[in-house]
Amino acid sequence: MTVRARYRFAVHGIGTAPRSRLLMTARCLTPDCAWTLAPTDDEDAGNAACLTHAGLNPGHDEYARGWSDVAQVRRLEAL
Ligand SMILES: [Zn+2]
């Protein structure tokens, strides 16, 4: 008896899941500074918080910024 398997490749796409939000975080890179930005979905407000921290603390001019979301993979064509 022969068993046959048929495989077919389908095109998939990936994007932010419908119920997910893109969140921004930031951390001051000045040595001995522990300032961090709480996750926010408002990028302008996040950048403004970094600018405010820099304005209040001369020399604190480099930040590690990150964005995260929940990604969802979806099949883009029917099999
Ligand atoms: Zn700082």
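Reader: Which helix does Ala-54 lie in?

Author: Ala-54 lies in helix 1, which covers residues 43-56. Keep in mind that this is a predicted model.

Reader: Is Ala-54 buried, exposed or partly exposed, and why?

Author: The idea is to count the C-beta atoms around a residue: 20 or more within 10 Å make it buried, 12 or fewer make it exposed. Ala-54 has 17 other C-beta atoms within 10 Å, so it is partly exposed.

Reader: What does Ala-54 touch, leaving out residues up to four places away in sequence?

Author: Ala-54 touches His-60 and Asp-61. Also look at Cys-28: it is 26 residues from Ala-54 in sequence, while their C-alpha atoms are 8.9 Å apart in space.

Reader: Now the strands. What is the order in the open sheet of 3 strands?

Author: The order is 3-2-4, and the pairing is antiparallel. Strand 3 (36-40) and strand 4 (63-68) are at the edges with a single partner strand each, so one side of each has no neighbour in the sheet. On average, neighbouring strands here are turned by 10° against each other, direction ignored.

Reader: How many bridges pair strand 2 with strand 4?

Author: Strand 2, residues 23-28, pairs with strand 4 over 6 bridges in the antiparallel sense. For one spot to find, Arg-27 stands opposite Ala-64 of strand 4.

Reader: And which way do side chains point in a strand?

Author: In a regular strand they alternate between the two faces of the sheet.

Reader: What is strand 1 joined to?

Author: Strand 1 is joined to strand 5 (residues 71-75) by 5 bridges, and the two run antiparallel. His-12 has Arg-75 in strand 5 as its bridge partner. Strand 1, residues 12-16, is hardly covered: 0 of its 5 residues are buried.

Methods: Residues numbered from 1 in each chain as written. Predicted model: local features only at pLDDT ≥ 70, side-chain atom pairs only at ≥ 80, totals over all residues. Pairing = 2+ DSSP bridges. Helix = DSSP H or I, 4+ residues; strand = E, 2+ residues; numbered from the N terminus. Axes fitted to C-alpha atoms, helices over the stretch in contact; angles between N-to-C directions. Contact = placed C-beta atoms within 7 Å.
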